[in-house]
Amino acid sequence: MYEIKLQITHLNTDKTDAVGSQNLIVAAFDFGTTYSGYAFSFKDSPNDVKTNNGWTAGSGQLISHKTSTSVLLNQNGEFHSFGIDAEDKYSSLAGERKHHGWRLFRRFKMVLHSQQISRSTTVEDLEGKTFPAKPIFTMSLKYLQKHLLDALSLRTIGTRETDIRYIITVPAIWGIAAKQFMREAAIEVQNSL
């Protein structure tokens with residue numbers, strides 16, 4: 001596992017124990033090829049790991065710890081939604097034949113398995129149209145971060161961004177370029193706050 005911290009002011013790439021840090025909360029993002037999710041624990045009870053149980057599908061009939069790794073952009077190329085919500089919205093639009101100009105990206109993480117990764121790397125939407133990869137990864141991480149912060153605000157009062165140590169898991173087989181690409185996407189999330 002390789003650790004990438006979202007907080008640029010405390011950027012740390014070593015493999016030290018996150019529980020020993022000064023942060024009150026440790027949050028780990030599992031940014032997967034097919035599904036993504038997160039878990040977190042509080043410093044005073046590190047073995048009591050909480051997961052998000054709020055991902056739903058099929059009008060709330062299926063509840064899961066993860067959601068699909070999908071990003072939907074609106075007709076202006078702006079972020080609309082992530083996960084099952086993105087897929088449901090696109091499916092609804094397609095069913096009404098109103099999906100033209102909307103862009104759904106799925107399984108885009110696979111682009112980082114390539115040995116030819118650069119800042120100009122692109123990903124393809126469902127229709128095969130390309131889009132710069134970095135913004136898609138950044139939007140995904142930003143969404144997961146916001147979802148986590150919203151969940152934490154329901155559990156705790158006064159949680160600040162600096163109270164959280166973020167960890168993003170990446171495959172051990174990834175090369176340096178893929179890890180750097182993910183790091184840069186995480187830094188962009190922090191810089192957009």
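**Exercise 1.** Characterise the salt bridge that K98 forms with E96.

*Solution.* K98 and E96 form a salt bridge, with the closest N and O atoms 3.7 Å apart. The term denotes a side-chain nitrogen of Lys or Arg within 4 Å of a carboxyl oxygen of Asp or Glu. E96 has a relative accessible area of 47% and is partly exposed; buried means under 20%, exposed over 50%, and partly exposed in between (1.4 Å probe, protein chains only).

The model is predicted: local features need pLDDT of at least 70, side-chain atom pairs count only at pLDDT 80 or more, and totals for chains, interfaces and linings use all residues. Residues are numbered from 1 along each chain as its sequence is written, and side-chain values use heavy atoms, leaving out hydrogens and water.

**Exercise 2.** Determine where the partners K146 and D150 lie, and whether they are buried or exposed.

*Solution.* First, the side chains meet in a salt bridge at 2.7 Å, N to O. Second, both residues belong to helix 2, four residues apart, about one turn of the helix; helices (H or I, at least four residues) are DSSP runs, numbered from the N terminus. Third, K146 is partly exposed at 49%, and D150 is partly exposed at 38%.

**Exercise 3.** Analyse the salt bridge of K134 with E184.

*Solution.* First, the closest N and O atoms are 2.9 Å apart. Next, the pair links distant parts of the chain, 50 residues apart: K134 is in helix 2 (residues 133-155) and E184 in helix 3. Finally, K134 and E184 are both buried.

Terms used:
Helices (H or I, at least four residues) and strands (E, at least two) are DSSP runs, numbered from the N terminus.
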